[in-house]
Amino acid sequence: MRIPRIAAAAAVTAALALPVVTAATANAAAPAAVSASDPCNKTGPYEIHDASAVTIRSKATAKSTALGTLYKSHAFTVHQTTKTGSWVYLTDKKTGVTGWVSGTYVYPDVYTCLH
């Protein structure tokens with residue numbers, strides 16, 4: 001059984017390495033200047049991602065007191081974020097609860113285009 005495993009591993013490694021070895025050198029032109037109003041470079045509204053609900057907390061730490069729950073269906077207003085974006089201070093418009101939510105789950109979509 002050892003030989004087929006080794007052969008399979010070698011085949012997979014070769015298949016993964018082949019595009020890297022055979023890729024031609026790309027001659028990319030310098031990117032064109034993009035204006036601030038370009039629809040490709042914009043930030044969308046904050047949304048809940050990868051969860052149906054998140055905990056609203058009193059401080060920007062996971063160990064702080066839970067004040068409530070923000071559900072994906074609830075509208076909310078973002079007041080500020082930490083410098084790193086790891087926590088978002090917001091108000092749940094449906095319940096009126098204001099507090100901190102993990103930036104792992106609440107963040108804006110960022111739109112970019114490949115010109």
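## Overall composition

Of the 115 residues in the chain, 22% count as buried, where buried means under 20% relative accessible area, exposed means over 50%, and partly exposed covers what lies in between, with a 1.4 Å probe and protein chains only. The model is a predicted one, in which local features need pLDDT of at least 70 and side-chain atom pairs count only at pLDDT 80 or more, while totals for chains, interfaces and linings use all residues. Residues are numbered from 1 along each chain as its sequence is written, and side-chain values use heavy atoms, with hydrogens and water left out.

The chain holds one helix and seven strands, arranged along the sequence as α-β-β-β-β-β-β-β; helices (H or I, at least four residues) and strands (E, at least two) are DSSP runs, numbered from the N terminus. The accessible surface of the chain comes to about 8,500 Å², and 60% of it belongs to carbon and sulfur atoms, the areas being obtained by the Shrake-Rupley method with a 1.4 Å probe, with only the protein chains shown counting as cover for residues. Among contacts between residues at least 6 apart in sequence, 44% join residues at least 24 apart, a contact being defined by heavy atoms within 4.5 Å.

## Strands β4, β5 and β6

Strand β5 (residues 87-92) pairs with a strand from each of two hairpins: five bridges join β4 to β5 in an antiparallel arrangement, and five bridges likewise join β5 to strand β6 (residues 98-102), again antiparallel. Two strands are taken to pair if DSSP finds at least two bridges between them. In the first of these pairings T81 stands opposite V88 in β5, whereas in the second L90 stands opposite G99 in β6 and T91 stands opposite T98 in β6.

The hairpin of β4 and β5 has five residues between its strands, and G85 there takes a positive phi near 80 degrees. The hairpin of β5 and β6 also has five residues between the strands, with G96 in the turn at a positive phi of about 80 degrees. Five of the six residues of β5 are buried, so this strand is largely enclosed by the rest of the structure; four of the five residues of β6 are buried, so β6 too is largely enclosed by the rest of the structure.

## The nonpolar core

The largest nonpolar core comprises 10 residues, namely I48, A51, V54, I56, L70, F76, V88, L90, V101 and V106. The elements that give two or more residues to this core are β2 (53-57) and β5. Such a core is a set of buried Ala, Val, Leu, Ile, Met, Phe, Trp, Tyr and Cys residues joined through side-chain atoms within 4.5 Å. In soluble globular proteins, nonpolar side chains tend to be buried together.

Leaving aside residues up to four places away in sequence, V54 touches I48, G68, T69, L70, V101, Y105 and V106.

## The aromatic pair and Q80

One aromatic pair is counted under the rule that rings of Phe, Tyr and Trp (its six-membered ring) pair if their centres lie within 6.5 Å, with planes under 30 degrees apart called stacked, over 60 edge-to-face and the rest tilted. The rings of Y89 and W100 have their centres 5.0 Å apart and their planes at 50 degrees, so the pair is tilted. Y89 belongs to strand β5 and W100 to strand β6, 11 residues apart, and the pair links distant parts of the chain. Y89 counts as partly exposed at 26% relative accessibility, whereas W100 counts as buried at 13%.

Q80, in strand β4 (residues 76-81), is partly exposed with a relative accessible area of 42%. Not counting residues up to four places away in sequence, Q80 touches V88, Y89 and W100; the C-alpha atoms of Q80 and W100 are 9.4 Å apart, although 20 residues separate the two in sequence.

## Two buried polar sites

H74 is found in the loop between β3 (66-71) and β4 and counts as buried at 12% relative accessibility. Beyond residues up to four places away in sequence, H74 touches D92, K94 and T95.

S102 lies in strand β6 and is buried, with a relative accessible area of 17%. A polar atom of the S102 side chain lies 3.1 Å from the backbone nitrogen of T104, and, with residues up to four places away in sequence left out, S102 touches S86 and W87.

Methods. A polar contact is a pair of N or O atoms within 3.5 Å; within protein, one must be able to donate a hydrogen and the other to accept it, and residues adjacent in sequence count only if both atoms are side-chain atoms.
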